Structure formats: structure tokens, C-alpha cells
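Colleague: I'd like a close look at one part of this model, the salt bridges along the helices. Could you take me through them and then put them in the setting of the chains around them?

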Amino acid sequence: MQFSLSPSVRKSITLIYHFAERESKSRYKRSLLGWFWSFLNPLVTVGVYWFIFGAVYRAEPPMTGNGNAESFGLYLFTGLIIWTLFTGLVEGSMEWLTSVSDLRKKIYFPTETALLGGAASNLVQTLLEVMVLVVIMGALSNIGWTLVFLPVAMVLALGFGLGLGFIVSVLNARYRDVKYLMGILLNVAFFAVPIVYTPELLESEEIPEAARVLVEWNPVALFIEISRDAAYFLQVPLWNRFLAALAWSVTTFVVGWVFFRKQSMSISEEP
Amino acid sequence: MTVGAIIVDGVSKRFRLERNRPSSLKEAVLRVGRTRDADEFWVLKNVDLDIAPGSFFGLIGHNGSGKSTLLRLMAGIHRPTVGSVEATGRLSALLELGTGFHPDLTGRENVYLNGAMLGISRKQMTASMDDIIEFSGIGDFVDEPVKIYSSGMYVRLGFAVAVNVSPDILLVDEVIAVGDEEFQRRCLKHMDMLRDRGTTIVLVSHNTDLMDECHQVGWLDHGKLVKVGTPGDVVSAYLQMVDSSENTLRAHDI
Ligand SMILES: Nc1ncnc2c1ncn2[C@@H]1O[C@H](COP(=O)(O)OP(=O)(O)OP(=O)(O)O)[C@@H](O)[C@H]1O
Ligand SMILES: [Mg+2]
């Protein structure tokens, strides 16, 4: 039996592919080393963080799953991969929608394909970072079957980030303030997520209970915990965390999608 | 519905005017709860129109009467505020300068992008690429970003794409007037060819000679479709109106 897609779905797929390709090409346009930067960038980031927090501040990272490495750099990296994916989606969405809004005023196409294409390109970038992580972890022989949860964490973060991206991109098309507002919020949010510190650090008398709950149960922290369990601690994520993460991701994506589908038609009428 | 048909059913379109639109988040927040005054603007009012597959339809009307807005609704760019618009089949549209072109991409990349928007794969587009470049006559400029194109070059490439993707429906909004004489003639010849092939064509123009080529002409006046009929009837009614308002103006002058 011949499997055939409806013309509108085929059209959307062609467009998503186009936008993904364009985003990936423009990322390292006019650069000689091209994709090499994709590897270099995370490596240098991890190196710098490792130096500052590991060597200068002598932060004590938790032990890895196989019990033979304590590396703050890697602890960071497992969190940073998810964080970069998340912020890349939120900030990217606004940019992707802006970049096609002039076009959309002159020709009809499903606008969400620009965001989906951009997201696909970001996902490829994240996969490259994951490859770097897995290679390093392999060298330290800190590898186990729990790695299968790493892509799960990525997909959850993708759903949440894209869902949020759908909403903020439409708002940003109307009021450019949204971009600046999100820039600030994300900067603050970075510290509400245990990336440069461990959640255990919060278990002190001086820190109010509410702050701890926020840090432990905010969606991005949940995704990061799952990715850490998968690649750093090599343990199965707690099921209640997993369910909470799933609920955040699915709900946000659906709400964002519905909102976007409803509002994005009026983009062609914006001056 | 048959391929190539356009059905406009009880369509009204409202735009919010700029002066009424909050331009920043702060303003938007300050305005919450305040009643929006009536600075809304109905560009189209209860338009009903059936265009049969394969027909050549012309639209005339004064500046700002809503012709381009009606075409945009047909192209799916805007959604009607009231009513519905259905256009079945592959639709290609030349609505204004730079229709569907992304300024930073080269002409060639834009051709692929336009194809993608019509659901045409890269491979199929590559097959018709030579025809498109040939028709447009822009030569090596096809590999330059379109932002450096002249107005005429924009239109040439746009038209070349629009007619070379075998559309079921072609919407053209005045743009060909930007091309030089030679190109305009070529466009008209090509539109004739498409019409013979059964493509539905909707053409907006202030050129009443062009209207004579149409099967049917519609006249829009302040957002209302006041008359639809044979070119002879509608164009003369339109011209009569223009003449009479000119006379009133003159009467005022004296
Ligand atoms: N996005 C928009 N927002 C607000 N008003 C708009 C918008 N687009 C068009 N209008 C208004 O709608 C009215 C009709 O515009 P339209 O472009 O359809 O006229 P037209 O008949 O094509 O005129 P012309 O002969 O000058 O091309 C104009 O008054 C225009 O200012
Ligand atoms: Mg117009």
C-alpha cells in the first residue's frame, strides 16, 4: 500500500525543512570552521565553568554514577545542555517569527513552520552537544543504560520551550518589549535552576522553604534533574518528578500551540 | 468544490487603525478596561462573489476601495472578520512588489522558498528553474540577494515564478504595471496562455483597456461590491461615476 501525506502536511514538512536548513546555515554563515564551532563552544563553556567553580571556588560536585569522578564541569554540562536548548527555543522563537513576518504579509504559509524549523535546527545543535558529553562520559567510563532518559529530557524541554516560544513570539510581534522582558526574566531564571549549584546547597536554615520548592519543582529544573539522573548519576529519574515534568511539557506545548494557531493569522495585519 | 473556484461568502473585513493600537506593553496594560472607541475600520462590507473555475475576473475601484484587501483574503493572507473565503487548488499570487520574497535570500533561494510555500519540492523546482530564470530575464542576478533588485526585477522574478508553477488560480494586483513595455506584453501573453489552459485569473487594475479582456468585472466602492457584470457594463458605470464626481468637484471650484 502506498503511504501518502495530505498536501497541506507535505507542504508544511517542506517548509519546516526549508526553515531548519536556513537557520542552520545562517548560524555559521561566513565562518571557515562551520560546524566545528558547535563542538568548540560547549567545550570552552564547560572548561571555563570548571575552572571557576571547580578550581577557583573549589565547589564540591556530587559523585558520578560510577563513583569514580567528581567533575563540576560535567555536572554543569549535563544541566547546561538542557538550559541552552530551552532558552534557545524561547529566544529563537521570537526571532524566527519576526524574520518571517514581512514575508507572511505578502504570501500565505503556515507560520508555525518557521518556529518548528528553527526548533529542529536547535535540536540538531543540542544533539551535537550531547555527543560531546557522551564521548567525555565514555572516556571516564561513566556510562549506563539510563542514558536513554537523556533524549527524554530533551524532548520534554523541547515541548516546554517551544510551547512558551509560541506564546512569547506572538506577543513579541505585537509589542517588541516582550523580547527585552524575556531576556531579563531568563537571566534571573538561570539562577532559579540548579545549574551552577546543587539542590543540596539550599538545604539550610536561612533559605525559605518556598524558594526550595520553586527551585526543585520549576519545570526547567525538572528537565535538568532528569538529564542529570540519566547522564551523570546514572540512575532512573524519580517517577513523580518525571510525571510533573511531563505534565508541564505537554500542557505548555498544547496551550502554546492553540494560542499560536489562534493569534498568528493576525500577524499579517500588524503594521 | 471544484479546483480553481473562488467563493467569497458574506465577507466583511475590519482593521484596527494605527492610532488606536497600543504600541507598547505599557500602553496596552494602561488601556486594559478602557473601552475601545469606534476607530475600527470596515474595509470590506458584506461582499458576495462567485468566481467560476477558468474564468478571467477583473476588479476595479477607487484607491482604498478594498481591492487589494479582497485579493489578500482570497490568497489566505488575512482571515475575514465575518463570512468565509474559499479558493480551491494551487494558488499563486502577485500582490505587490516583492511578493513572497525574503530580501536577504538570493533570487534562486527565493524561488525555492516560494515553491516550498506552494508545496512544490526542491527537485520539481530545480526542473523548472531554467524556465523561470529565462522568463524573468534577470540573468546572473538570480544569484544575488533580492534586496539589491530594481522594482522591475522583483516583479519579473515574481511573475516568472507565479506563472511557471502551473497554478489553478492566479491573483495579480497591478504589479505588472511596474515592468517595462516588453515585459508587460509578455505577461499579458502568458496570462492569455494560462487562461486557455483553464487557470482562474483575478486581476486588479486601473487600466480599463485591460478590463475589456476579462469575462467578468467587479466594481468595489468603499468596500462594497456595487456591480458585477460584463466588462462593458461595469467599466462604463464606473467611468460614469468618476465623471460625475469630477463634475461635482468642478462645480465646487466655480
Ligand atoms: N493592515 C491594514 N491595517 C489597517 N488598514 C489597512 C490595512 N490594509 C489595508 N488597510 C486599509 O484598507 C483600505 C483598503 O485598502 P486596499 O489596499 O484594499 O485598497 P485598494 O483598493 O487596493 O487601493 P489601491 O487602488 O490604492 O491599491 C485602505 O484605506 C487601507 O488603508
Ligand atoms: Mg491595491
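Modeller: Sure, and one cut-off first: a residue is called buried under 20% relative accessible area, exposed over 50%, and partly exposed in between. Keep in mind that this is a predicted model.

Let's start with A:Glu209. With a relative accessibility of 49%, A:Glu209 counts as partly exposed. Its side chain meets that of A:Arg212 in a salt bridge, at 3.0 Å from N to O. A:Arg212 is partly exposed too, at 22% relative accessibility. Why do these two line up? Both sit in helix α7 of chain A, which covers residues 209-217, and they are three residues apart, so about one helical turn separates them. The general idea is simple: an α-helix has 3.6 residues a turn, so residues three or four places apart point the same way.

Chain B has pairs of this kind in helix α6, which spans residues 181-196. One of them joins B:Arg185 to B:Glu181, with 3.3 Å from N to O. Here the spacing is four residues, again about one helical turn. B:Arg185 is exposed, with 57% relative accessible area. Further along α6 of chain B, the side chains of B:Arg195 and B:Asp192 meet in a salt bridge at 3.1 Å, N to O. These two are three residues apart, which puts about one helical turn between them. B:Asp192 is partly exposed, at 26%.

Not every charged group here is in a simple pair. B:Arg156, B:Asp180, B:Glu182 and B:Arg186 are linked in a network of salt bridges. Over all chains, the count of salt bridges comes to 14.

For another helix of chain B, look at α2, residues 67-74. This one is mostly covered, with seven of its eight residues buried. Among the buried ones are B:Leu70, B:Leu71, B:Leu73 and B:Met74, but the list also includes B:Lys67 and B:Arg72. Just past the end of α2(B), B:Gly76 takes a positive phi of about 80°.

Now for the chains that hold these helices. Chain A has nine helices and zero strands, so from the N terminus on its elements simply run α-α-α-α-α-α-α-α-α. Chain B mixes the two kinds, with eight helices and nine strands.

Chain A has 271 residues and a radius of gyration of 20 Å, which agrees with the value near 18 Å for a compact globule of that length. Its C-alpha atoms fill a box of roughly 60 × 45 × 40 Å along the principal axes. In chain A, 48% of the residues are buried, while for the 254 residues of chain B the figure is 50%.

Contacts reach along the sequence as well. Taking contacts with a separation of 6 or more, residues 24 or more positions apart account for 80% in chain A and 71% in chain B.

As for the surfaces, chain A has about 13400 Å² accessible, with 67% belonging to carbon and sulfur atoms. Chain B exposes about 12300 Å², and carbon and sulfur atoms supply 50% of that.

Back to charge, to finish: chain A carries 19 positive and 20 negative charges, and their mean positions lie 16 Å apart.

Methods
Residues are numbered from 1 along each chain as its sequence is written. Chains are lettered from A and ligands numbered from 1 in the order in which they are written. This is a predicted model: local features need pLDDT of at least 70, side-chain atom pairs count only at pLDDT 80 or more; totals for chains, interfaces and linings use all residues. Side-chain values use heavy atoms; hydrogens and water are left out. The radius of gyration is taken over C-alpha atoms; the globule rule is 2.2 Å times the number of residues to the power 0.38. Buried means under 20% relative accessible area, exposed over 50%, partly exposed in between (1.4 Å probe, protein chains only). Contact means heavy atoms within 4.5 Å. Accessible areas come from the Shrake-Rupley method with a 1.4 Å probe; for residues, only the protein chains shown count as cover. Lys and Arg count as positive and Asp and Glu as negative; His and the chain ends are not counted. The place of a charge is taken as NZ of Lys, CZ of Arg, CG of Asp or CD of Glu. A salt bridge is a side-chain nitrogen of Lys or Arg within 4 Å of a carboxyl oxygen of Asp or Glu.
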